[in-house]
Each structure stands twice: as structure tokens, then as C-alpha cells.
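Trainee: Could you pick one part of this model and go through it with me slowly? I'd like to hear what sits beside what, and at which angles.

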Amino acid sequence: MAKMPVTLTLNGMERAGFADPGQNLLEFLRRGLGDLSPKYGCGQGTCGACTVTIDGETQLACLVLAETTEGRTVGTAAGLANGAELDPLQTAFMDHFAAQCGYCTPGMLVSARALLDRNPKPTREDIIEAISGNLCRCTGYEPIIEAILAVSEGRTGP
Amino acid sequence: MALHRGRGFAAINYPIGMNLGGDPSQALVHSNPDGKFTVALSAIDLGQGMKSVTRQIAAETLGVPIADVYVDTADSDTGPHDMGSFASRGTHRMGNAVIMAAKEARSVMLEAAAEELEVDASDLVTDGKGNIHVRGAPSRTITTMAAAQAAQFKQGRTIAGRGIFLIPLSDVNPETGEMSPVTTFAHAALLVEVEVDDETGEVAVTDMQSAYEVGRALNPGLVEQQLRGGAWMGMSHAAWETTEPYYPDRDHGAVDFNHYLMPGPGDLAPHHISVLERPAADGPFGGKGPGEMCANPVLPAVVNAVYDAVGVRIDELPVTPEKVLRGIKAKGGARPRQAIQSASSAKQENF
């Protein structure tokens, strides 16, 4: 089978590449377009490390066929910062020690950003619900919840 | 058809590092011509913060700003030898090696500065902000960058230091069996509360209170991060996780993420942490390290709490609903410890 040309908008920029037949979006983003921020954890939609947004909705890139994203808008953790200016969530994750090994962090950030975009004042329960598809081995989740709460309440610093 | 509450306690002594074969860590420190320092280590920072804490230790010992120190742990092929990041040994072993290496590098840096200032190196002090000056005469000063450049381009000195921390192999005394497998101990005590459902056998950890004694907490933020995440992992191993649920039989063992049970953010218990600091005499600036000790007390505490709640003594982890239900069935029903005690007056069972 021939490779399939795919053109999409990645973090605000139009990008194009050739997807292998049956290639999932995660591999296409990493190998095809060079965006290494979505991580491969389980490849079966359990861990959330590959969480991206497609047309604003959070999706697991390992479960999406690359060719189905033709013409759509994809967002990854690499698009959160504006140049050197970090997203407040990224700053809060540092201030609250919400990252250790860092493997879940890009997916966590994408889930958290999508939550705050649709609900700027989430409750603690809303946050838990929003990140319940993102597994973290290191932090025990509490620092991550605290970081997201801090951003939603406009608090800065540790 | 009822929830039973129970409370369990556990305390541990946790040895830092091991020397069943010797336990060395090496560090190499050198300055670059811009006066910034590189620390080369071969043990890996896998999120626990070893790069941060060895960077602090190097900056403090060298007397330079922390921003002027870079810790490179990139490559065990080319870096100095290290036993590795395990056994809670990072802060203690690598920290001590970094101090030794940084002291030697500092002394060369001061010699270079002394030659430029035409004074004796023993009269020089660092201000921690990138300057070296004569004690009592801050106007007689040179930046660490200027000292490094003089060493590199004028004096022909290498501002560098070698460090090793070695716990020699401890042989077992054949007469007494005595040996000295460890150097310093950290300590922890932890209290958990659980709710056990006697219909489903499910155990929910609802509260954790802990005190950890870690020597001096060299970076309190990192210490708390380790304790919080590690205790959660201990809770997870106590109540959820296993690769071989019917060990040693591999049946029903998890083969991927879909089958491996791990708690999520909705399964958190509040954890109240107290950090006790008793600086260790042989630790870098008194530090021991939290390491694996974060998780260890949680497992026995949960088992004790389940016993307290329903009278079932689980001796294989994790505490699965199946084991709890089988235990309750064998007892003819849940037998909360409080009820047992008041019935059999006074004689206390194992806590």
C-alpha cells in the first residue's frame, strides 16, 4: 500500500508528511513531523502519555489513525509555550514539583490545558476527572492536582 | 455488608546504600574557561532529583553560584565509575564524592586566584556570587571567571578535582557472623487508616500520617516530592499492584498496561508528612536521603490496618479483595480487632 499524504495544522502551523498505511497519529507526529513531545507509553490507550488535542478535544494519539487527521487541528505539549514564554501550567508544574521522571508530563499538560480551556474554574473533582486517563508513576498525583488548582485560582509560586 | 475502619502502624530503619562488594561512587569536577563548573557523574537522575542535589552540593563546596554548576550524568561509558542509582544511595554516596572532588577543584581555583592577586591562597574566601576576595579586604577581588581564564590561558593550571566515596567491602566474621553491611540509617514511622468492605473485600486507604527522618533535608522540596510520590507507590503496592497475583504461578499475571492495576488520581488518600532532620555525621552536609524508604513503611502499615479492621492477617502482598474475602470467610465473618480485644479482655494480639 502506498503512503498517504497528510496535511494538518500542528500547534498553529500547517505541516505535511507521508503516513505509512495504518500508522497511528503518535508515530506520525514523532517520526513523520518530528514532534517528540507526545510519548509512547502503552500503545493501547491506557496510560495517556500520548494525549494530544484534535480540534480542541483530548485524544490518545496512539489510537488515532494518522490519515484521519487530514485537514484537522492537532495540539501537543510542544505548542503550549509561546517562544520562551511558558504556559502558566508549565510554570506551575515546576513550582509544585509536579514532574519527576517527566514521561507523563506532556500528556498531563495537554489534559490540564484542555480542562482549563473549557472550564477555567474547575473543582478538585473536575481536575481528578480530567487527568484520570493519565497515569503517573512518580508523583502520587497530588502535586499535579495542586499545580492545576493553582493556575485556575491565579496563584503563582510554589 | 458493612464498611470496617481500621488503623495500622509501621516503623522502619532504612539503611542507606550497601557494601556487599564495596560501594564506591566517583565524581569529577572541572572548570571551563568561563569559570563555570561541570560535575561528571555516572549515576542517573531518573526523576528523584539527584542532579539538583549534587549541583547544590558542588556549588556550596566550590563557593560559586548554583547557576555556574552543570551536572553531567550522560554516559556511563565515558564518565567516572559509579555503582548506580539504587539502595537510596544517591545523595549520600555521590554527594560525598562530589564534596571531595569540589574541594580539590576549589583549592586549585584559589591558587590561581592567589597568583593573580599576589596573595596567599589561604587568605582567600569566596562569596558564593562568583567572586573570590582577600579575607577582610573585599576590594582585593577577582571573579571566578577571571581566575579560571588566568589558570587556563596564563598559568597553565587545570582547575579540576577528583572525588570518590568508598565503603569498603565488609567481610563476614566466620566466628560471629558479624559484618557491617551499611553505614547510616534513615528512619520512618507511618500510620494509615483503611476502610474494608466485607462484602467485596475491597480495601481503601483513606488517610496517611507519616514522619520521615532523612538526615538534613538538603532540598526540602525534593524531599517532600520523594516522600509523597514514594508513599503513594507503597500504598499502590500494598493494595493494588502485582505482576504475579498467584506467585510463583504466572497465571493471570499482567502482560501490559491494560492488565496491570495501578491506582489513579481518584484513589488518593490525604498524606500528612513530617520531615525530621537529624544531620548524619558522615553525610554530605548531614544528608542521608529519602529514597526507597518512602514506600517501605506503607505496606506493613496497610496490612496491620486491615487486621485492625476485619481481623484478617494478610501475609502476601498485595492485599487483594480475594485474599480479604477468603480471610473473612475463614473467620466466619469480619472480626474487628477492637471487638476481639473487648471480648477476650486485655490480652493484646499482635498490633
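Mentor: Sure, but let's settle one thing before we look at angles: an axis here is a line fitted to C-alpha atoms, and an angle between two axes runs from 0 to 180 degrees, taken between N-to-C directions. Also keep in mind that this is a predicted model.

Let's stay in chain B and begin with its sheet. Three strands make up an open sheet, and going across you meet β5, then β6, then β7, with antiparallel pairing. The edges belong to β5 (124–126) and β7 (137–143) of chain B; each has a single partner strand, so one side of each has no neighbour in the sheet. If you look at how the strands are set against each other, neighbours in this sheet are turned by 35° on average, ignoring direction.

Now zoom in on β6 of chain B, residues 131–134. Along with β7(B), β6 forms an antiparallel pair held over 4 bridges. If you want a residue to find by eye, take Asn131(B), whose bridge partner in β7(B) is Thr143(B).

Next, the helices that go with the sheet. Helix α2 of chain B, residues 90–117, packs on it and touches β5, β6 and β7 of chain B. The direction of α2 makes about 115° with that of β7(B). Then there's helix α3 of chain B, residues 144–155, which lies across β6 and β7 of chain B. Against β7(B), α3 runs at about 55°.

While we're on packing in this chain, have a look at a helix pair too. Two packed helices are described by the angle between their axes and the distance between the axes. For α4 (220–239) and α5 (298–310) of chain B, those come out at about 50° and 8 Å. That angle makes α4(B) oblique to α5(B), and the crossing is right-handed.

Who does the touching? On the α4(B) side you have Ala231(B), Gly234(B), Met235(B), His237(B), Ala238(B) and Ala239(B). They meet Val298(B), Leu299(B) and Val302(B) of α5(B). Sort the residues of this contact by character and you get 7 nonpolar, 2 polar and no charged.

Technical notes
Residues numbered from 1 in each chain as written. Chains lettered and ligands numbered in written order. Predicted model: local features only at pLDDT ≥ 70, side-chain atom pairs only at ≥ 80, totals over all residues. Pairing = 2+ DSSP bridges. Helix = DSSP H or I, 4+ residues; strand = E, 2+ residues; numbered from the N terminus. Contact = placed C-beta atoms within 7 Å. Parallel < 35°, antiparallel > 145°, perpendicular 65-115°, else oblique. Left-handed = near helix turned anticlockwise from the far one by under 90°. Nonpolar A, V, L, I, M, F, W, Y, C, P; charged D, E, K, R; others polar.
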